[in-house]
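Reader: I would like to learn how to read a structure like this one. Please take me through some features in turn.

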Amino acid sequence: MGKTVLVLGGGAPNFTLMAGGLLALDRAGANFQLISMAGGGSVVGLIYLAPRNMTRQEGLQNTVNCGVSDPIYASFPVNYKLFNKPGHMAALYREAMRQSCWIGPLLDQRHMNNGQKLFSDWVQFQAAVMSPSSTTYYSKGLCAHAPFIESIVDFSKLAVVEEDVRLNAYCIEDHKVVEFTRSEIDINHFRASLSFPFIYPPYRIGGKHYYEGASYQTLDLLPPADEDDEGNRDRIDDWADVDSVVLFDVLTPELIHRPRDLWDAYAQSIIVPLVANAQSELVRFRRFIHRWGKRQGNAGKPAPRLYELKASVPRSMLPSLLTWSRSNLEELFRIGFEAGLQLAHQWDEDGTLRRLQERP
């Protein structure tokens, strides 16, 4: 029986939609032999693969707690819980907060009710306001490199997971997208893969600097060119014996809308080119799967089947899809979970999911 591949595309505020979809598939018994991640999809993928002090399903459910309580977000529409001030003093300050016997326990919201979460978010807001910062005119980015990941992902687990793992980033010196594999991915590679321009400075590993891979290539595992020829041998080897491909692509045209205000206009300036690139890559991805299937058929092998997460977002939600409010993240999680259930049903009808569940 062939491999099952999971492709998690880019997407930041709507990453809980992916988390909900993946939770539904996990509950249905899905297994994957290769997991490819880019941008916001890497947060979901790493929580799935190596959650810290949580089960896999608890970690995916906990993603909604990355949002900011609505009463606070309505007055200050910035996710200060995920986007933190940069600098050595700010890092020491955050560590002191984590070690504090008063503030530390408030950071874990998994077992809190809505009132407790509001209080926790308010305390974290006050702490964020008072945090020192090293930002100046000469800074290369606004924020520290995703310090939140340390509390939700245990990178030491990645070395022993059964799944093959890929994570992309854009290398500035080499002018191309590169891939990190399971054996080398650590917190530095994650931060390199999530360093979106202006928000984060380029991240240095060795003598090279990296930006977020999804800002250049939203869907990983595509050949460098739009053909499956011998020049792409390294990539083609990834597709050997692939039975099924499950694709989560959440950068849809619905994210583009008329801005509500100047802050929303800034968000649109980021999302419009990302959506355009993602849609082009989605066409390429489907075309490649089709061509690869024909090639496999000519060789007497079964063609891989492509399954896509299809989320139905209500029209009333469309203007707020890029917000980090708790209600938005919770609703996207619910929508993603329902889409995942539908995907699992379709997958099960084709027999693929049943075969996965029968694996020893």
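**Reading the model, feature by feature**

Author: With 44% relative accessibility, Asn 113 counts as partly exposed, because that class lies between buried, under 20%, and exposed, over 50%. The model is a predicted one.

Reader: Where is Asn 113 found, and what lies 3.1 Å from a polar atom of its side chain?

Author: Asn 113 is in the loop between helix H5 (88-99) and H6. The backbone nitrogen of Gly 115 is 3.1 Å from a polar atom of the Asn 113 side chain.

Reader: What is the place of Val 129, and is Val 129 buried or partly exposed?

Author: Val 129 belongs to helix H6, which runs over residues 114-130. Its relative accessibility is 49%, so Val 129 counts as partly exposed. Separation can be given in sequence and in space: Val 129 and Ser 42 are 87 residues apart along the chain, and their C-alpha atoms are 28 Å apart.

Reader: How do I read a buried residue? Take Ser 195: where does Ser 195 lie?

Author: Start with the accessible area, then look at the surroundings. Ser 195 lies in the loop between helix H7 (187-193) and strand S5 (203-205). Ser 195 counts as buried because its relative accessibility is 0%, and buried means under 20%.

Reader: Which residues does Ser 195 touch, and which polar contacts does its side chain make?

Author: Not counting residues up to four places away in sequence, Ser 195 touches His 145, Tyr 200, Pro 201, Tyr 203, Tyr 210, Tyr 211 and Glu 212. With His 145 there is a polar contact of 3.4 Å between the two side chains. The Ser 195 side chain also reaches the backbone oxygen of Arg 191, at 2.6 Å.

Reader: Is Glu 163 buried or exposed, and what is Glu 163 in contact with?

Author: Glu 163 has a relative accessible area of 11%, so it is buried. Glu 163 is found in the loop between H6 and strand S3 (164-171). Leaving aside neighbours within four places in sequence, its contacts are Phe 32, Gln 33, Ile 35, Tyr 48, Leu 49, Arg 56 and Arg 182.

Reader: How should I read a helix, and what span does H9 reach?

Author: Compare the end-to-end distance with the expected one, then look for bends and at the ends. H9 covers residues 262-298, 37 in number, and reaches 54 Å from its first C-alpha to its last, close to the 54 Å expected at 1.5 Å a residue. There is a kink of about 25° at Ile 271, shortly before the proline Pro 273. At the N-terminal end of H9, Asp 261 acts as a cap, with a side-chain oxygen 3.2 Å from the backbone nitrogen of Trp 263. Just after H9 comes Gly 300, with a positive phi of about 75°.

Reader: What is the span of H10, and what follows H10?

Author: H10 has 24 residues (326-349) and reaches 35 Å from first to last C-alpha, close to the 34 Å expected at 1.5 Å a residue. Gly 351 follows H10, and its phi is positive, near 90°.

Reader: How many helices and strands does the protein chain have, and what is its radius of gyration?

Author: The protein chain has eleven helices and eight strands. Its radius of gyration is 20 Å, close to the 21 Å that the globule rule gives for 360 residues, so the chain is as compact as a globular protein of that length. Of those 360 residues, 52% count as buried.

Terms used:
Residues numbered from 1 in each chain as written. Predicted model: local features only at pLDDT ≥ 70, side-chain atom pairs only at ≥ 80, totals over all residues. Heavy atoms only, no water. Helix = DSSP H or I, 4+ residues; strand = E, 2+ residues; numbered from the N terminus. Expected span 1.5 Å × (residues − 1). Bend = angle between axes of the 7 residues up to and from the residue. Polar contact = N/O pair within 3.5 Å; in protein donor to acceptor, adjacent residues only side chain to side chain. Rg over C-alpha atoms; globule rule 2.2 N^0.38 Å. Buried < 20%, exposed > 50% of the residue type's maximum accessible area, 1.4 Å probe, protein only. Contact = heavy atoms within 4.5 Å.
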